[in-house]
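I opened a new page for this structure. These are my notes, in the order I looked things up.

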Amino acid sequence: MQHDQEITVITPTANLATETHGGRAKCLQRLVRLDLPVPKTVALSFDEVHSIAAGDMPDMVAMLAPFGEDALLCVRPSSEDPDWGGPGAILNIGMNDARFVDLCETLGREAASSIYLRFVQSYATHVARLDPDMFDHILPDSADALSEALRAYEDETEEEFPQDPAVQLAEVLRSMARAWEGTTARLLRQAKGAPADAGLGLVVQEMAHGLGLGECGSGVIQLVNSKTGETQITGRYMCQSQGRDALLNRSESMFLEEDGRGPSLQSVLPEPFEQLLEHTRLMRARLREEMQAEFTIENGRVHILDGVRVARSARAAVRIAVSLAEDGIIPREEALTRIDPRAINELLHRQVDPAAPRDTLATGIAASPGAASGRIVFSADEAQASAARGEACILVRRETNPEDIRGMHAAAAVLTERGGMTSHAAVIARGIGLPCVVGASDIKFHLRKKQLIAPDGRELHAGDMVTIDGSNGEVLWGEPMMLEAAQDDAFRSLMSWADAVRDIGVRANADTPADAQTAKNFAAEGIGLCRTEHMFFEADRLTVMREMIFADTSQDREAALDRLLPMQRADFAELFRIMQGKPVCIRLFDPPLHEFLPSDRTGHRELAEALDLPLSDVTRRVEALGEYNPMLGMRGVRLGITVPEIYDMQARAIFEATIEASQDGDPVVPEIMIPLVSAKREVELVKTRVDAVAVAVRNEKGQDFDYRLGVMVETPRAALKAGEIAPHAAFLSFGTNDLTQMTYGLSRDDAGRFMSAYVQQGVFPEDPFHELDTEGVGELLQIGAERGRAAREDLVLSICGEHGGSPESIAFSRAAGFDYVSCSPFRVPVARLAAAQFAVLDRLGCRVE
């Protein structure tokens, strides 16, 4: 069946758009407008290709008319986004026995045979869907290769190879159209972000032969290095070749620019080389992008067959955008919008080289970006021992707990069986820039045997070398090639431009001086969350902490805490000095006390020895502190009210550190945050004691200081009652990790077991611990913000959960009127760039959801 069709020849004025004909067709039109030597090309729209897939064929005579009688053609896909892929190009359509005779006279028998053979094999494999093995016995360079290929086709199909160019073209178009609409292709492009109904255009182009009697060949050229973005003439050229043969046969192809390692196009054909440089530079300037040009040289004459955006790493993308802006080709604001904020992660961490072979053992949740190789260890002690020997190791745990922190610091990466994006391992790993994969439940963990079994049955033991790719959530066998982190001058320029336009603050979550220094290096505007409990897990402090837990009276607890006071004071003073007057928000003690106690009998015995207590007393006390659901039990402000000595000690340490650090530099105004608040009265009780400690320290030291007291909103009730809480708080910081957990009634550590199925079946659009639920949890944030600001106009609002660094959360925070977001130090650059992009889009009038 045929239908009437308007043939769209690509001309400067043709009615073409990326949304209707695809990116390749539109780019070719732009090249034509630049008066570049592009062979005649016809474009088929998405609708036309969809009709072809349904069996409604266009008039093939009209399709061939623009090209003339003897032209050979190629067909290439043209999708809306090149990353969505498409069927491979098919070259030399129109080649038949008669055309072969003609080309033998004009190009020579060898070139004509090569062209015909290539087409027969391509048509058989991709159009007739025959097994490519049928041609394995044919030697391409033999005199009988063509006749053998034609015979093999006839034997397999029981019909002659099609000779009519119209039939050939029709079958090629039908095959490519149906391949695009097949289930496999649809699933592949959807995985790359394409909508299910994404269209495909096709471009039919007259061939410019890279084969013949004169100087002929084909190649590709670009002006930058795809890995680094540095200016470098890159590509290959291959004599007597077609398509992208030069890239596929690097040993037989030559360099473009003169190179001591071998022959080059510049030395063999200097004039065509200079023309290619001129054409590519024009494409860069006028298309406002670094482009890769596919070209053919036919008897010394250059043809530009195609132009595509240069493939690039994240590092190269940044340098390319900055270079285009510095050269005045694009404005700085546009340079900012060209970089995916999440891609910035690749610049901050080592990555597996995309070109390296990957032997994937299993996949999990990509919890913390970057990649690292090391030998498997199964405990924090083994990780520390490995680090002491100078050996890189991968810490493998069923799930991590606070006692594993020292081991995590010693390890090169972390792998856990359980957990999600906000599990302990994920949060700590992101904070210290450690590659981490969590929720790798496909692997069987046999920790007593110190053994892992991969889904394919391979066994891994302690000491085996593996690689953790925290950017992609993969566990790899062995030690693949890596790309190093790169925070170069282009990165710094981009970040300075971002800071000049963004309109929301970006702070960092930092628990240690090392975290704070990292945050400062990444230009965080302060610390938005300092979790003080992590400071108590050092060996010398843990024993004192346990003594405090086992104390029977307030006086005994104070005595133990007095020993911790100078340690806490030193911690806070160091944070204040590093941040040099920038705000530091310190969350008072949050976790339940049982986290500081051993959980097994061996640990109980060691604790009994350390505290000089009977084992039975230790066991009873540990059991007494146990809770059915400790994350909803006596923790946070509840612990601060029932065991007030802890908060008293911390407040004193903060105020004394404030006085000490202010003497050395800029005045410090600490922010003290009360965790897990649900009621106004909780804030009043804690505020009264904190204010009393402040008065005592002022009187003792004879020095005045300022501080700000605020609330961490982690419970739905705190958000709903923000109007009552706000008059007693200078700020509300929304801890979206716990708030999401309590809103959903969902354990963030266990959600990974079923979350993929929920997302795939459309229950949730995305894992709410990975991407902020702006409709549900977001409504609580908006209610809290509106009611809080209504009660106190100068109330400072922020998000300090792990969501704080995601672009989606930043868009929401800006729209809701929040003052800043706070995230892991290594996500600060991501947040800075995302905030700048939303500000730029707002200025351009683009509404940000």
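I began with a backbone angle. Gly 55 sits just after helix α3 and takes a positive phi of about 95 degrees. I keep in mind that this is a predicted model.

Next I turned back to the helix itself. Which residues of α3 (residues 46-53) are buried? I found Phe 46, Glu 48, Val 49, Ile 52 and Ala 53. I then looked down the axis of α3. The buried residues fall within an arc of 160 degrees, so they line one face of the helix.

Then I went to strand β3, residues 41-44. I checked both of its faces, and both are covered. Thr 41 and Ala 43 are buried on one side. Val 42 and Leu 44 are buried on the other.

I looked up the pairing of β3 as well. Strand β2 (residues 8-9) pairs with β3 in the antiparallel sense, over two bridges. Here Val 9 has Val 42 as its bridge partner. Strand β7 also pairs with β3 in the antiparallel sense, over four bridges. On that side, Thr 41 has Gln 205 of β7 as its bridge partner.

Cavities came next. A probe the size of a water molecule, rolled over the atoms, shows where empty space is left. How many cavities of 30 Å³ or more are there? I counted three. The largest has a volume of about 70 Å³. Its lining is made up of 14 residues, and the closest to the centre are Arg 76, Met 207, Ala 208, Thr 296 and Leu 305.

I asked which strands supply at least two residues each to this lining. They include β5 (73-79), β7 (200-206) and β10 (291-298). So β7 came up twice in my notes: as a partner of β3, and in the lining of the largest cavity. I also sorted the lining by residue type. Five residues are nonpolar, six are polar and three are charged.

My last entry is on Asp 306, in strand β11 (residues 301-309). Is Asp 306 buried or exposed? The cut-off for buried is under 20% relative accessible area. Asp 306 has 3% relative accessibility, so I count it as buried.

I then listed what touches Asp 306, leaving aside neighbours within four places in sequence. The contacts are Arg 24, Leu 28, Leu 31, Arg 76, Gln 292, Ala 293 and Glu 294. Of these, I had already noted Arg 76 in the cavity lining. I also looked up Cys 27, which is 279 residues from Asp 306 along the chain. Their C-alpha atoms are separated by 8.0 Å.

Definitions and conventions: Residues are numbered from 1 along each chain as its sequence is written. This is a predicted model: local features need pLDDT of at least 70, side-chain atom pairs count only at pLDDT 80 or more; totals for chains, interfaces and linings use all residues. Side-chain values use heavy atoms; hydrogens and water are left out. On a 1 Å grid over the protein atoms alone, a cavity is a set of points where a 1.4 Å probe fits but cannot get out, and a pocket is an open set with protein on both sides within 12 Å along at least five of seven lines; lining residues have an atom within 4 Å of a point. Grid points are joined across faces, edges and corners, and a volume is the space filled by probe spheres set on the points. Ala, Val, Leu, Ile, Met, Phe, Trp, Tyr, Cys and Pro count as nonpolar, Asp, Glu, Lys and Arg as charged, and the others, Gly among them, as polar. Buried means under 20% relative accessible area, exposed over 50%, partly exposed in between (1.4 Å probe, protein chains only). Two strands pair if DSSP finds at least two bridges between them. The arc is that of the directions from the helix axis to the C-beta atoms. Contact means heavy atoms within 4.5 Å.
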